[in-house]
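Work through the following exercises with the sequence and the coordinates at hand. Each task is followed by its solution.

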Amino acid sequence: MKKMKFTDCVDIVGSSCHKFDGTKVYVSTGAVDTDRIEPLDTEIVDYDGRPSRANLVAEENDILFAKMQATEKTLLIDEESSKHIYSTGFCAVRAKDHIITNKCLYYLLTSETFLEQKDKNCSGATQKAITNAGLEKIVISVPDLEQQTAFVEQMDAVRNMIVYRKEQLKKLDELVKSRFIELFGDGCDGRFPMKTLPQIISSDKHALKRGPFGGALKKEDFVETGYLVYEQRHAIHNDFEYEKYYITAEKYKDMIMFKVVPGDLIVSCSGVTLGRIAEIPSYAKEGIINQALLKISLDQSIMTNTFFIHQFRSRRVQDILFGFCRGSGIPNFPSMGEVKAVEFICPPIALQEQFAAFVEQTDKSKLAVQQSLEKLETLKKSLMQKYFG
């Protein structure tokens, strides 16, 4: 194994998009989920109407990775995907085959060794990203070609199992969605009465509250320990072990109207993650929501959290929420009045609880699959460390 500059192991490739007839698939960085293209997130574009960033063309066996800091998105281009147009937010590289195999390079680009150096050498005033000059500073460990072959065989096996586990999780999610439609329909057939948010929240005067705007939270308000400030990450990833910002007891007292407690729901209010929702768990720390979140505290005798969450995630409700967004800027809830006017189906509690019981059983299956997936991810990191560390 030898240390080498990254740019000595690859050719930086990719070309600008030349004029074409008809349409092509445009793949933005947002349309890639780690290592796969999400077809529903791509766009069909013609040459003149394509976004300005839709200007990268790659060839079969090229590898694309996202340039942005703290972003892990990597694609190995095959015959079909070579027909697409890609965002200039990707960098295209090709392995120098006498130094490193294409598949080994692909896995290297997903390793912590590479990603940490990429992030360290990113530059830019707003959205930091790696440049060709930044890539010149990255140094990697390159196994000999025989070791690379063994490594790729092992990684392919682990990756296939990871993909299978992720597919299992997706199927279980689809099972819950199917059960929801089976019991409650699509919300448009008049089967159940409809109620707005003000009609289903608890009697607490702060049961429906958007986070503090403007300068309510300033840099000097944050301390190393204290009361937690909940962020979009909590709603997006359902990650309540994540803790970054805290405020003092004095500041917390001033902002008590934005307090959340276990059982409250938090909703992302802006950006591409608008409408993501999560429930504050029993073990969560006491704290407040930030300006990017909406807090909802339901009257559980009218609507259970489990039923509301799945209804909130439905296409009908999500279409309504994004319909509020105007202009070409960042999606954002423009008016609490509009949000309060959204109607939700309100079936009998017994039927909601029947659905919740089904979800609970499905979640047990998901937990087993998730634990297996985590073990595979640990094995993957171990192999990466062994060959690239």
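**Exercise 1.** Is Cys269 buried or exposed?

Solution. The model is a predicted one. The relative accessible area of Cys269 is 0%. Buried means under 20%, so Cys269 is buried.

**Exercise 2.** Determine how many disulfides the model holds, and examine Cys17 as a case.

Solution. Step one is the cut-off: the two cysteine sulfur atoms must lie within 2.5 Å. Step two is the distance: the closest cysteine sulfur to that of Cys17 belongs to Cys91 and is 18 Å away, which is too far for a bond. Step three is the count, which comes to 0 disulfides. As to its surroundings, Cys17 has 7% relative accessibility and therefore counts as buried.

**Exercise 3.** Locate Ala70 and Asn238, and describe the backbone of each.

Solution. Begin with Ala70, which sits in the loop between strand E8 (63-66) and strand E9 (74-76). Its phi is near 55 degrees, a positive value in a residue other than glycine. With 66% relative accessibility, Ala70 is exposed, since the cut-off for that class is over 50%. Turn then to Asn238, placed in the loop between helix H7 (232-237) and strand E17 (246-247). Phi of Asn238 is positive, near 55 degrees, and this residue is not glycine either.

**Exercise 4.** Describe the second largest pocket and its lining.

Solution. Start with the volume: the second largest pocket holds about 300 Å³ of space. Its lining has 16 residues, and those closest to the centre are Arg36, Ile37, Leu75, Asp78 and Ser81. Strand E5 (36-37), E9 and helix H2 (102-108) each contribute at least two lining residues. By class, the lining comprises 7 nonpolar, 3 polar and 6 charged residues.

Notes. Residues numbered from 1 in each chain as written. Predicted model: local features only at pLDDT ≥ 70, side-chain atom pairs only at ≥ 80, totals over all residues. Heavy atoms only, no water. Buried < 20%, exposed > 50% of the residue type's maximum accessible area, 1.4 Å probe, protein only. Helix = DSSP H or I, 4+ residues; strand = E, 2+ residues; numbered from the N terminus. 1 Å grid on protein atoms, 1.4 Å probe; cavity = no way out; pocket = protein on both sides within 12 Å on 5 of 7 lines; lining within 4 Å. Points joined across faces, edges and corners; volume = space filled by probe spheres on them. Nonpolar A, V, L, I, M, F, W, Y, C, P; charged D, E, K, R; others polar.
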